[in-house]
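Trainee: I have a protein model open and would like to learn how to read it. Could you walk me through a few features?

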Amino acid sequence: MEKQGHREMEGGPSESHTHIRLLKVNRELLVTHIRNIQCLLDNLLKNDYFSAEDVEIVCACPTQPDKVRKILDLVQSKGEEVSQFFLYVLQQLADAYVDLRPWLLEIGFSPSQLIQSKTIVNTDPVGRYTQKLRHQLGCDSKFMLCYAQKEELLLEETYTDTIMELVSFSNEILGRLSSLACLLDPSSDVLSEHGETVFIFGDAGVGKSMLLQRLQSLWASGHLGAEIKFFFHFRCRIFSCFKDSDTLSLQDLLFKHFCYPEQDPDEVFTFLLRFPQAVLFTFDGLDELHSDFDLSRVPDTCCPWEPAHPLVLLANLLSGRLLQGARKLLTARTGVEVPRQLLRKKVLLRGFSPSHLRAYARKMFPERAAQAHLLQQLEANPNLCSLCAVPLFCWIIFRCFQHFHSAFEGSPQRPDCAVTLTDVFLLVTEVHLNRTQPHSLVQRNTRSTAETFRAGLRTLLSLGRVASGGMEQSLFVFCQDDVEASGLGEADLALGFLRTVSALGPYGEQQSYEFFHITLQAFFTAFFLVVDDKVGTQELLRFFREWVPPREAATASCLPSLLPFQRRRGGRPVGSDLFKNKDHFQFTNLFLCGLLSKARQELLWHLVPATALRRKRRALWAHLCASMRGYLKSLPRLHSGGFNQVQAMPTFLWMLRCIYETQSQKVARLAARGVCADYLKLTFCNACSADCSALSFVLHHLHKRLALDLDNNNLNDYGVRELQPCLSHLVVLRLSVNQITDNGVKVLCEELTKYKILTYLGLYSNQITDVGARYVAQILEECKGLTHLKLGKNKITSEGGKCLALAVKNSTWISDIGMWGNQIGDEGAKAFAEALKNHPSLTFLSLAFNGISTEGGKSLARALQHNASLMTFWLTQNELNDEVAESFAEMLKVNQTLKHLWLIQNQITAKGTAQLAEALQENTGIAEICLNGNLIKPEEAKAFEEEKRLICF
């Protein structure tokens, strides 16, 4: 008994179920499913259960099954402990003996403490390969190399989350993703069960590559999905470098062009094919994939061993024809569309929110004094702060912050300084050129800016030559020959503008290079076009061909394809280009405008002959204004609500950005004259806070009143501050779904109450609390023309609801109030009830989804007995019961004005419904009472079928 009790404490089986017996009974099962004998031999030998002679005996057996049988014979002959250890190895090295997992679970194997103390070594090819992958990816992701050449910043210490929003196929926002783990959760936030790709998109520099690098780091350290055994990271631009004649098998793509297994690659690959769900692929930058290769010339492939062009492999991986079930993360810039049948999730990256920006500042500037000084300067300059919402530009500005500080030191007018993107890139260029000087990277050199650029002109032209040659062909990776042909030497490369491509690319052993970001390549392209005296005006403007009217662009992009790979003839884009995104061209245009601006004239006089500079400036300004006028005239117009409305496209935003980059009031005035419409709709354009600077720069020159719709963008509080110059012209302002907080509403209150011309204010789905609600109430009280106010889906409680209700009560002009999705509760509802009594103008009110229950509902119903203006009342998704229904029934006997009453998804039963139906006999004015989703059974609803105005289902 003692022995048996001791054995049970140790976790061993009973006498009738010894480990030796298990091996004997299941001998053929083990012989069939054990394929890796080396792991067993290594562990038995390491723990002194086998001798060298035992290993030789096993290896002398002619076949694999014979070797397994010999191991079993030897193990059983050595006793119970060795047999138990044998099973322990099978259990611990689950990937090596994957077919035995069910059997081990079935027998309930539990090793003793003695056996658990033994060391297990993993010499299985699959396990070794996973370890190698983790080590390699851990080294690759240790430092933030996305924006810098050198290993300077630890990713763990500086990575900061950005705003991630789950969107629908049509880019409607469905909610926020709280963590990176949510991206890979296979069960939550799924758009399509059949799709396998998580598509992450956002503007250039918004942090897509950094997010993938963070995921890579988490996986390498074992903190991301234990079920993911393999992580393969590819940059799509590498695929552009393969020739049409190049072919690879999937095995070669994964192993030779990423990470090669140290042993038995065929066994590792077979495991991958068998368990694709254990594989995670990340493909970064689909928009940077440009190739002459025509996918239509080759059939789809689903054979993993069959050689094919790398682009064919990529397309079939994404479609699931290869390694179906593997997880894929694909990134691209805004504007690239991926067929919805491929997508499992669609995620929009928005960049830094104000809280993210503060967190990033704390990481980049650990010293409190420097940190406080930085945040003060950003707060004083909303334009600079708007640029910092884009992580790339934020990194550049922070790295060069001491330069900005010294440039503006002693100036009390810092808030009035307009810092453009060209300013930022000129500064970072100056900083990198001064790397050869014996000073800190972030301190100003004694040389003037002009002297620095003049001294580095040869290097800058060489970099520009490389950048321009690649930009023209939409290529972003350069081989050693390209770099040497441009005249760049080792000293030039050491400046940090170009960095080596870490992954082995299609150039084989030859070194490959790329600019540290695509925006830097665009900057050097523009610099080359401006400074090289051989570039004429026609070549200068070649990238503006992307500014085509929207109808023509739509015609040129309607051809079907599996993936939007660009096809070119002779290296130039053609009409069949399926890429909608051309941001690299747009950034080049933007930097052209900035470099040729009057503010840059003094610097360029040291680099370019004055006559050539004037000729290029005249050509650019003429083309810029003509393009904008032509573009605006081509937009379809809609006459609605007394307005001449146009829906502007993202190209219009790029035009505004270019005009802002010139900092020319003359150009802005000319552009403003081209704005013929009085209702400008810029919804779903992914406009950021910095775009508000550009918008105001042009619109404040208008001499007419304007309606401006900026719903569903990413403006935040900084964007609202940047809109200040044009708020004096706005009669309609729609800012719904824009991350705006109480601080932004305060700015609106201060400005809009000065001019008092606003008629419509839309702030739906922002982050406004009771504090902001007070500011909105002030706007409503002072702007006596304000008829429409949309405040749904914010964070307003009863206190804010009371303030707003009082403002509504005092307003004799408001006609439409939307409060859906707040939490005003019964107290807020009672306040709105007081406002409804005898209100002269309110015709529409939504208090849906506001936590209103019996007392609040009854108060509202009683108030409507004294109201002759309200025609539509929404109380959907509250907690209204039969008592409330009875009160509304009494109201209907008195109120003949109300037309639409929505009581959807409440707690009303057949009893309350009957009371409403009875009241309808005395009311001829109401058109409908909607009761869908209440506690009414289908058989009960039949009693009310004759009353067509009562909608139960």
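Mentor: Sure, and let's begin with pairing: two strands pair if DSSP finds at least two bridges between them. Keep in mind that this is a predicted model. Here, strand S8 (478-479) is joined to strand S10 (residues 512-515) by 2 bridges, and the two run antiparallel. Within that pairing, Phe-478 stands opposite Tyr-513 in S10.

Trainee: In what order do the strands of that open sheet come?

Mentor: The order is S8-S10-S9, with 3 strands and antiparallel pairing. S8 and strand S9 (498-500) are the edge strands, each pairing on one side only. Helix H24 (residues 457-472) lies across S8, S9 and S10, and runs at about 90° to S10.

Trainee: Which strands pair with S5, and in what sense?

Mentor: Strand S4 (residues 230-235) runs parallel to S5, with 6 bridges between them. Strand S6 (residues 327-333) also pairs with S5 in the parallel sense, over 4 bridges. If you want residues to click on, Phe-230 stands opposite Val-279 in S5, and Phe-283 has Leu-330 in S6 as its bridge partner.

Trainee: Is S5 mostly covered or mostly exposed?

Mentor: For that you need the cut-off: a residue is buried when its relative accessible area is under 20%. S5 covers residues 279-284, and 6 of its 6 residues are buried. Val-279, Phe-281 and Phe-283 point one way, Leu-280, Thr-282 and Asp-284 the other way, and all are buried. For the whole protein, buried residues make up 59% of the 953 residues.

Trainee: Let's go back to S10. Where does Glu-514 sit, and is it buried or exposed?

Mentor: Glu-514 is in strand S10, and it counts as buried because its relative accessible area is 2%. Leaving out residues up to four places away in sequence, Glu-514 touches several others, including Arg-235, Phe-476, Leu-498 and Arg-499. Take Phe-476: it is 38 residues from Glu-514 in sequence, but 6.1 Å away in space, C-alpha to C-alpha.

Trainee: What joins the side chains of Glu-514 and Arg-237?

Mentor: A polar contact of 2.7 Å joins them. Arg-237 also meets Glu-288 in a salt bridge, at 2.7 Å from N to O. That pair links distant parts of the chain: Glu-288 is in the loop between S5 and helix H16 (310-319), Arg-237 in the loop between S4 and helix H14 (250-255), and they are 51 residues apart. Both Glu-288 and Arg-237 are buried.

Trainee: Which residues make up the network of salt bridges?

Mentor: Arg-235, Arg-237, Glu-288, Arg-499 and Glu-514 are linked in it. The count for the protein comes to 37 salt bridges.

Trainee: Can you show me another one to look at?

Mentor: Try Glu-28 and Arg-69, whose side chains meet in a salt bridge (4.0 Å, N to O). Glu-28 lies in helix H3 (residues 27-33) and Arg-69 in helix H6 (residues 64-77), so the pair ties together parts that are 41 residues apart in sequence. Glu-28 is partly exposed at 47% relative accessibility, and Arg-69 is partly exposed at 27%.

Trainee: And how do Asp-54 and Lys-78 meet?

Mentor: Through a salt bridge of 3.1 Å, N to O, between their side chains. Asp-54 is in helix H5 (residues 52-59) and Lys-78 in the loop between H6 and helix H7 (80-92), so parts 24 residues apart in sequence are tied together. Asp-54 counts as buried at 10% relative accessibility, whereas Lys-78 is partly exposed at 36%.

Notes:
Residues are numbered from 1 along each chain as its sequence is written. This is a predicted model: local features need pLDDT of at least 70, side-chain atom pairs count only at pLDDT 80 or more; totals for chains, interfaces and linings use all residues. Side-chain values use heavy atoms; hydrogens and water are left out. Buried means under 20% relative accessible area, exposed over 50%, partly exposed in between (1.4 Å probe, protein chains only). Contact means heavy atoms within 4.5 Å. Axes are lines fitted to C-alpha atoms, for helices over the stretch in contact, and angles run from 0 to 180 degrees between N-to-C directions. A polar contact is a pair of N or O atoms within 3.5 Å; within protein, one must be able to donate a hydrogen and the other to accept it, and residues adjacent in sequence count only if both atoms are side-chain atoms.
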